[in-house]
Each structure stands twice: as structure tokens, then as C-alpha cells.
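Please work through the following exercises with the sequence and the three-dimensional model at hand. Each task is followed by a solution in steps.

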Amino acid sequence: MSDTRRRVKVYTLNEDRQWDDRGTGHVSSTYVEELKGMSLLVRAESDGSLLLESKINPNTAYQKQQDTLIVWSEAENYDLALSFQEKAGCDEIWEKICQVQGKDPSVEVTQDLIDESEEERFEEMPETSHLIDLPTCELNKLEEIADLITSVLSSPIRREKLALALENEGYIKKLLQLFQACENLENTEGLHHLYEIIRGILFLNKATLFEVMFSDECIMDVVGCLEYDPALAQPKRHREFLTKTAKFKEVIPITDSELRQKIHQTYRVQYIQDIILPTPSVFEENFLSTLTSFIFFNKVEIVSMLQEDEKFLSEVFAQLTDEATDDDKRRELVNFFKEFCAFSQTLQPQNRDAFFKTLAKLGILPALEIVMDILLINVVIEQMICDTDPELGGAVQLMGLLRTLIDPENMLATTNKTEKSEFLNFFYNHCMHVLTAPLLTNTSEDKCEKDFFLKHYRYSWSFVCTPSHSHSHSTPSSSISQDNMVGSNKNNTICPDNYQTAQLLALILELLTFCVEHHTYHIKNYIMNKDLLRRVLVLMNSKHTFLALCALRFMRRIIGLKDEFYNRYITKGNLFEPVINALLDNGTRYNLLNSAVIELFEFIRVEDIKSLTAHIVENFYKALESIEYVQTFKGLKTKYEQEKDRQNQKLNSVPSILRSNRFRRDAKTLEEDEEMWFNEDEEEEGKAVVAPVEKSKPEDDFPDNYEKFMETKKAKESEDKENLPKRTSPGGFKFTFSHSATAANGTNSKSVVAQTPPATSNGSSSKTTNLPTSVTATKGSLVGLVDYPDDEEEDEEEETSPRKRPRLGS
């Protein structure tokens, strides 16, 4: 069927008492053999699939609402609704339903709505109780009318009978005439009774009564009655607000009178529900479900009518993008779109998609770009950062939006396939610094950097956080305490004690972890250039365990990639130190932090990541060997020794001429060679390279000197006892955590005490000369973040001409 009369939307009521759109199709009534009766069938207009097959049950109560809705309950807690495009189609199907049930089509409800508890009482009532006689609508009867309406609210059947009586006798309009008389006579007692009467009628929850009460003729008098709450010393002024303060602005003239009336009605009814009516009690909470549905279907209709009027929307976009449009007009146009998009939330997912496709086709994003001074995505990020809610409810939603936006899977594939890369380049060049700013500030020891952050971001944050009509560049309003401000100058920058700040950093880390998983190249460069992982791991010291776990999860995702660039960055920067310190500080508590740290090391063991295994065993095993409730660390030691044996066997197979004494070096050189061996690039493995003696020791020479090397190493370890980790608890160790927050690299020291040195501000560094052991243990040495071909020349130059250690800012 293609006629629009029978075009319907199918809705079901969910557990939250909201209507879910199940699709659009065409309805018919026909006999279905399997159901043994006349049934309502709705077939989808898209593919002809069956959206609804419902037998017209003779005992089911069907309700006709707003001329285009038919609502009924299919089973307990399962309500259905058909929303017709045209009244004629609704009337046609309503006649079929009434024919099956033997009812007159003029009724609005085919059956009395009686619950089980009422049925027995109903059977015991005398015949006269089936009808409710309303008192005559006079001033002296108002108290009697109010008592009657209040008394029926606890009885479903009596509510139905009263609603039918009110509708049939045109009683509501008569009551509203009495209201006008009471106001003219200043009859306060009568006005208080009318408040109770009108409120009670709303609680009858009948759509047919709402259509009368919310008509243009009656709605303002209904609002007037609700101003006279007996509990108030003075009546409210709701009508004054609706008629004088709340002005309806037509940004583009609306020629459709039905649409304009629907917009007015919806605004006023929403005002009644949200502002005028008091919060319902537990007993009353379901009394206004039909009112909610009334507003819901009105909004759906408004959005549909506007969306179908392309001439109207095209004119809105034309004025929005016209350079000649003044600022006030442009602001009104933007506010219109704000309300329009808010109404669209009543649509179900498939309808929302069509709605936003229509806006995109008309150019919503270029239009928004015109009205903004800064990047939209940065506005979103800064709004997330500025969320003043202690639970960061808004920030969580915005974080989800950002994650959807930067997910490559959501980016459309095009013919040249460059858009994804271009967008990510844009995001990392123009937005990532805004996202990571609170993280970098709260993990910085550099006062100058912190001050720069405050000066640089205070303007943008105040711009976002202050009301849109204010052009003040001051800090956000006083309701935001300094403790709650990210970037506060209070002394909480290293490990934020403030719970709200910790929550915000956790959200940022969640986004960064997502980037590690999905962006690879871009995030890798950012992490390397900003030394981001070191800054993140500062948060392992946080008193908020959830934040420490977020930092650990970030590192775990990086290690999970098994990327040797990341592995070299971690080992050279000695970035396992804060993780192991957190494990040791955790003591004997078998909590989530303990499990997460051990899982990280277990992953390295199971996946046999050789470079990380060697680094962990050589630098931290003495502190970890006492942990015996898991076999993870002993397993790492076993893997390490097996790899040593394998390398030894490989070297033993090299011809002896390549292991002649003329290539031998002293024990100190061997120790340096061993470090070079485990830090080689993967691509260099297996190459037979015999380097000059003065540059490096060839791998071939290692076996002949292994015993001498080990003896020398043991002697050196005994000399360095003062550098062993200090015990912080029985059986536990604590590593020295001496580093600059901006350091890019660290030593790969053989000492158990792991050191983390400072680095130059641009990320480059130079190796130190042969300093005394005591100096090296406290100061550390500088190693380049990435090995470059010209590093050897710098090393050779420094060996012949020692220089002072460069300062942080050099």
C-alpha cells in the first residue's frame, strides 16, 4: 500500500517509560489464520518486512489519542502505539477495531481499564455506581467537585468513569469560566479549590482531556488555575512569564499555522510539567505518563514537519552563512538550531541518522564554523576540562564524543584514502596539546612550565566557562573553587590530591590509551617527543588508586604493541622504575594494583619480549626475587638466562680466528659492550660486522672473556653496596626515584638502583664522560632518546674532550 492515509510509525514503551520507534510502514487489518482472528499488520516501507502482527483482542482496551494515535497494551508492561500520518487512516483502523469489539467508533476507549484488584470490587458495586454524577458547575460547588476528583485518584476504574463524564459534559470549559469569575471577584478560596480540581484532572492521565485543556482556547486559564497553590502565601505569575517574558522568536517566518500552534503548545505543556506541577510523590509518579507521551509525540511531529520543509531549513542556513547577517540575528539562528537538535533527541537512532544527514547535506558544519572563533573540537575538549560537576558527568559524555570522533573506524573511506591521515595530522598538531595540558601541568616539576600553562590557558578556560553573554576574560565564576580548577596554583601539581582533578586526568588517560590502540604512528611520535609516558607514570604515586591504575593501563597498552621503538624508549628512560616502586610500596596487599602490575610483567614473560626481559632482570631482579607468590619474576630470569645461553652457543660457532686476543678488551669495556648488545636494533641482529677496536667490541670476542667479565662484574657489585635499594618494609625494597619530570631518557645502568637523569629541553642529549661511580649513581647520565648515525662522532669527541654536563635549558 502506498497511500499516506495508512502510513504509520510503530512505537513500544520501554522500561524507562519512553517510547521507542520500531520503524515506519503501512498498516492493514486482515484475518490471520495462525492467530485465529482479525489482526493489525504493519509492513516496513523500506523492505516489506513485518514490523507488527497483533491480533485485535475483544477484551483489550484500545485508546484513540490526538486524532492520529492508537495506543494499547499487548501484555503486562508492554504498551504499543500506532502514530498515523493522517487522521483519515487512524479513523479507518479505529473503526475496524471497534467493529471487532462491537463498540461505537465515537468512543475514545474501547474497554474500561480495570486492574485485577478492582474487578472484584466492581462486581460487588450496585448498578448505580457504574456512573459518576458530577455536581453542577457552580461557585458554591467547587469544594464538592475538588473532593470528588481527589477521592477517585486511588481507583483506576473511577478515574476512567470520571474522565468520561468530564469529557462528555464539556465540564472543563465550564470550570475555566468559573476560574475567570473567581479571579474577577478575588475569591481566593474558590481559586484554591480550582487549583486542586485542575491538578486532579491532569492526574487522571487522559489524552482526550489533555487535548481540551491544552488547546489555544483553554491552556492559559489552566496555567492560571495552577498559579493558586494553597501552600503558597502568594500566587505565582506563570501566565505573565509565558506571555511577556518568554517571547516566541521566528528566526524565519513559519507559514504553516499548524506547525506554529504545535510549537506554542509543546513549549507551554513542557513548562507545566517541568515548572508548575510539583514533583509527584511515589504514589503519583505514574499519573503523568500520558502527559510525557503527549509532549514526546508533539516533538516528534515538530521535528518531522521542519525536516520535511527544505525551503525553511535552506533559508535558515542561507542567513546563517551570509556575511551580511548581523550578530544578533546570527545568535538567534544558532539558538534555533540548538532547540531543533534538542528536540531531535526524541527520535530513535535510525530517524536521528536521517535527521543529521539532512543537516549535513544542508551544510551544518560549515555554518557552525562561521560562528566560532576557535576550533570546535577544542571547544569540546576545553568544556570537558572545565566541567564543574564534582562527578564530571558532562566531561564523561564529552569524552565519549571525542573518542567517537577520533576513532578511525568512524571515518569515511574515500577514493584517495588521505582524509583519515589528514584529520589525525590536524588533531595532533592543533588539538592534542589542549587535551594533554592538564596532564602535563599536574605532572611537572618545572615551575616555569607550569606558569606558562596557567598564563596560556587561563584565557581560553575562562572564555569557555563563563556565560556566553559575558566577554570578561577573568577566571571562571567563584562557584569553581581553586581546588577544583585544573591548573590551580596550589601545591598539588605532582600527584594531584584533589579527587575531581584525579578524575579528569583519568578521563584524559583513557582517551590517550585509546589513541595508543588506534593511532599508532601519530601517538608514537607524540609520546616520544613529549616524553609522555614518563609524565604519565608520575601518577603512579597518586593516592587515588584508580588514577595509578589508569597510568599503568596506558603503559600496558604501549607494551602490548610489542614495538621495539617503544621498548627502546622504555628501557633507555628506565621507565619500569616507578612501576616497580609502586609494586614494592603496595607491600603485601593483594589488590587490583598488585594484580595489574604483575599481569604487565607476566605479559612480557609469556610474549618473550627479549629487550624488556633483559632490562628488567639486569636492573631490578635483586629487588624482585623475593616475590615468590607468583613465578613471574623467576620466569623472567629463566627466559633471560636461556637467551644468554642461546647467544653464547651462537657465538661459540664463530671461527676462532675472529676471537683472537688482539680483539680483547678489559672488563670495563666488556660491560659497556654487553649493554650495547642488548640495545641493538632488531634489524642489526645476525649481521657479521667487525667494528674497529677503538669504536666497539665485536660480538665474536665475547665468549673468551665471559668468565673474566663476570668476575669483574661481581667485584664491582660488591664495591657498590651503598647503591643497593633501601628496604622500606621487611623483605621490601625502594628504588631511588630521582629524575626531572621533563627528562627524555635515562641510563641503562647495571646497578640495582635505577636512575633517571635529566635531559635537554629539545629532547636531544649527549653521553657523559667516565665519571666516578659515586657521581654516576647520584647524577645519572644522558643517553639519546633515539640513536642517530652521527651519535658515534659525538661520543668520540666527548671521550677526548670532556665537557660539563649540559643544563636542562641548554
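The exercises below proceed from the whole chain to single residues.

The model is predicted: local features need pLDDT of at least 70, side-chain atom pairs count only at pLDDT 80 or more, and totals for chains, interfaces and linings use all residues. Residues are numbered from 1 along each chain as its sequence is written, and side-chain values use heavy atoms, with hydrogens and water left out.

**Exercise 1. Describe the chain as a whole.**

Step 1. Count the secondary structure elements. The chain has 33 helices and seven strands; helices (H or I, at least four residues) and strands (E, at least two) are DSSP runs, numbered from the N terminus.

Step 2. Determine the buried share. Of the 810 residues, 48% are buried. Buried means under 20% relative accessible area, exposed over 50%, and partly exposed in between (1.4 Å probe, protein chains only).

Step 3. Consider the surface. About 42400 Å² is exposed by the chain, and carbon and sulfur atoms supply 49% of it. These areas come from the Shrake-Rupley method with a 1.4 Å probe; for residues, only the protein chains shown count as cover.

Step 4. Examine the contacts, meaning heavy atoms within 4.5 Å. Among those between residues at least 6 apart in sequence, 66% join residues at least 24 apart.

**Exercise 2. Establish how strand 7 is placed and paired.**

Step 1. Strand 7 spans residues 78–84, and six of its seven residues are buried.

Step 2. Strand 1 (residues 7–13) runs antiparallel to strand 7 and is joined to it by five bridges. Two strands pair if DSSP finds at least two bridges between them.

Step 3. Within strand 7, Phe84 stands opposite Val8.

**Exercise 3. Identify the residues that touch the most other members of the largest nonpolar core.**

Step 1. A nonpolar core is a set of buried Ala, Val, Leu, Ile, Met, Phe, Trp, Tyr and Cys residues joined through side-chain atoms within 4.5 Å.

Step 2. The largest core holds 80 residues, and Phe576 and Phe601 touch the most other members. Helix 21 (residues 499–518) gives the largest share of this core, 12 residues.

Step 3. Beyond neighbours within four places in sequence, the contacts of Phe576 include Met555, Ile559, Leu600, Phe601 and Phe620. Apart from this core lies another, of 53 residues, among them Ile132, Ala163, Ile201 and Val222.

**Exercise 4. Is helix 16 enclosed or open?**

Step 1. Helix 16 covers residues 376–385, and eight of its 10 residues are buried, so this helix is largely enclosed by the rest of the structure.

Step 2. Among the buried residues of helix 16 are Asn378 and Glu382, together with Ile377, Val379 and Met384.

**Exercise 5. Determine how many disulfides the structure holds.**

Step 1. A disulfide is a pair of cysteine sulfur atoms within 2.5 Å. The structure holds zero disulfides.

Step 2. For Cys182, the nearest cysteine sulfur belongs to Cys225, 8.6 Å away. Cys182 counts as buried because its relative accessibility is 0%. Cys386, at 12% relative accessibility, is also counted as buried.

**Exercise 6. Locate two threonines, Thr443 and Thr60, and describe their surroundings.**

Step 1. Thr443 sits in the loop between helix 19 (432–441) and helix 20 (447–465). Its relative accessible area is 0%, so Thr443 is buried. A polar atom of the Thr443 side chain lies 2.8 Å from the backbone oxygen of Leu439.

Step 2. Thr60 belongs to the loop between strand 4 (50–55) and strand 5 (63–65). With a relative accessible area of 15%, Thr60 is buried.

Step 3. Not counting residues up to four places away in sequence, Thr60 touches Trp72, Ser73, Gln101, Thr110 and Gln111. Thr60 and Trp72 are 12 residues apart in sequence and 7.3 Å apart in space, C-alpha to C-alpha.

Methods: A polar contact is a pair of N or O atoms within 3.5 Å; within protein, one must be able to donate a hydrogen and the other to accept it, and residues adjacent in sequence count only if both atoms are side-chain atoms.
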